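Reader: I am new to this structure and would like a close look at a single part of it, with its surroundings described carefully. Please start with whatever term I need in order to follow you.

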Amino acid sequence: GNPPNLYYLDEDGEILFRRMFNELKNNDWEDLTADEEYIYIADIGNNFDTRENLRIIKIPINTENNSYELINFYYPEQEDFGFKQQSMYDAEGLISFEHNLLIFTKNRAKKITEIYKLPKKAGNYKAELIGKINIESIVTAADYNKKLRLLVLTSTKDFNEYYIHKIKNFNISKLKNLKTNTYKIPIGKTQVESIKIIDKNNFWITSEAEM
């Protein structure tokens, strides 16, 4: 429900400028990822499994070009769109991986994350389930660094404690029995929403304000 804007910040957290997309609607923007040419906005928040308009918004990195394309998709495993408190098809994590986009679900019912693959081209797609990671919690953010071959996720069990999960040598052809290193984030009760890899030992994370 917030305005369909992107905010560009410096390293001190000061807003440099705002990029507005007035023709779009912010249904529930959750995560960002990028490759060399485009930024991908994950309009994939689906708190109660009721949404039927999930999509990724593809925009040029060039800030003078405010064109956009839509990558619309659905989860083929979902048959029921009725209200569910223990949702299975909510998602808050998105990464760019080679020629694909990968979504990491926030599965409250099973306390796992399922990995779905989408192409980077505009169109209407059936998301492809390619694997899952049993982290015994629900994922709230994701990032991938191709030089380090490092995937990181943030998660929570009860919204009181949050964790970073590091997965080295991540490859979508080897998704079985992934080894994760898990670290508690010493931040207390909050709402961690995104993570950015700086190097193999340092990360930026953001949190929504707790009212």
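Author: The term needed here is "strand": a strand is a DSSP run of type E that holds at least two residues, and such runs are numbered from the N terminus. With that in hand, the part to look at is Glu92, which lies in strand S7, and it should be kept in mind throughout that the model is a predicted one.

A few words on the whole chain help to place this residue. The chain has 17 strands and zero helices. Its radius of gyration is 16 Å, close to the 17 Å given by the globule rule for 211 residues, and therefore the chain is as compact as a globular protein of that length. Taken along the principal axes, the box filled by the C-alpha atoms is roughly 45 × 45 × 40 Å. Of the 211 residues, 45% are buried, and the surface that the chain exposes comes to about 11,800 Å², of which carbon and sulfur atoms supply 47%. When contacts between residues at least 6 apart in sequence are considered, 43% of them join residues at least 24 apart.

Glu92 itself has a relative accessibility of 3%, and because buried means under 20%, Glu92 counts as buried. The side chain of Glu92 makes a polar contact of 2.7 Å with the side chain of Lys106. Lys106 also appears in the wider list of residues that Glu92 touches beyond its neighbours within four places in sequence, and this list further holds Glu30, Asp31, Ile44, Phe104, Val139, Thr140, Ala141 and Glu193. As for charges over the whole chain, there are 29 positive and 32 negative ones, and the mean positions of these two sets are 7 Å apart.

From that list of contacts one can move outward to Ser194, a residue of strand S16, which covers residues 192-199. Asp31 and Ala141, which are in contact with Glu92, are also among the residues that Ser194 touches, together with Trp204, Ile205 and Thr206, when residues up to four places away in sequence are not counted. With Thr206, Ser194 has a polar contact of 2.4 Å from side chain to side chain.

Val139, another of the residues in contact with Glu92, leads to Ile112. The C-alpha atoms of Ile112 and Val139 are 7.9 Å apart in space, although 27 residues separate the two in sequence. Ile112 belongs to the loop between strand S8 (100-105) and strand S9 (113-119). Its relative accessible area is 9%, so Ile112 is buried. Once residues up to four places away in sequence are set aside, Ile112 touches Thr105, Asn107, Lys132, Ile133, Asn134 and Ser137.

The loops on either side of strand S7 deserve attention as well. In the loop between strand S6 (69-74) and S7 sits Gln78, which is buried at a relative accessible area of 8%. A polar atom of the Gln78 side chain lies 2.9 Å from the backbone oxygen of Asp49. Asp49 is likewise one of the contacts of Gln78 beyond four places in sequence, along with Asn46 and Tyr89. Between the C-alpha atoms of Gln78 and Tyr89 there are 7.5 Å, the two being eleven residues apart along the chain.

The loop between strand S7 (91-97) and S8 holds Glu98. With a relative accessibility of 57%, Glu98 counts as exposed, whereas Glu92 counts as buried. Most residues other than glycine have a negative phi. Glu98, however, has a positive phi of about 55 degrees although it is not a glycine. Elsewhere in the chain Phe159, also not a glycine, has a positive phi of about 65 degrees. Phe159 is placed in the loop between strand S13 (150-156) and strand S14 (162-168), and at a relative accessible area of 31% Phe159 is partly exposed.

For contrast with Glu92, consider a residue that is in a strand and yet exposed. Ile15 is found in strand S2, residues 15-20, and with 54% relative accessibility Ile15 counts as exposed. Apart from neighbours within four places in sequence, the contacts of Ile15 are Tyr7, Tyr8 and Leu9.

Note on methods:
Residues are numbered from 1 along each chain as its sequence is written. This is a predicted model: local features need pLDDT of at least 70, side-chain atom pairs count only at pLDDT 80 or more; totals for chains, interfaces and linings use all residues. Side-chain values use heavy atoms; hydrogens and water are left out. Helices (H or I, at least four residues) and strands (E, at least two) are DSSP runs, numbered from the N terminus. The radius of gyration is taken over C-alpha atoms; the globule rule is 2.2 Å times the number of residues to the power 0.38. Buried means under 20% relative accessible area, exposed over 50%, partly exposed in between (1.4 Å probe, protein chains only). Contact means heavy atoms within 4.5 Å. Accessible areas come from the Shrake-Rupley method with a 1.4 Å probe; for residues, only the protein chains shown count as cover. Lys and Arg count as positive and Asp and Glu as negative; His and the chain ends are not counted. The place of a charge is taken as NZ of Lys, CZ of Arg, CG of Asp or CD of Glu. A polar contact is a pair of N or O atoms within 3.5 Å; within protein, one must be able to donate a hydrogen and the other to accept it, and residues adjacent in sequence count only if both atoms are side-chain atoms.
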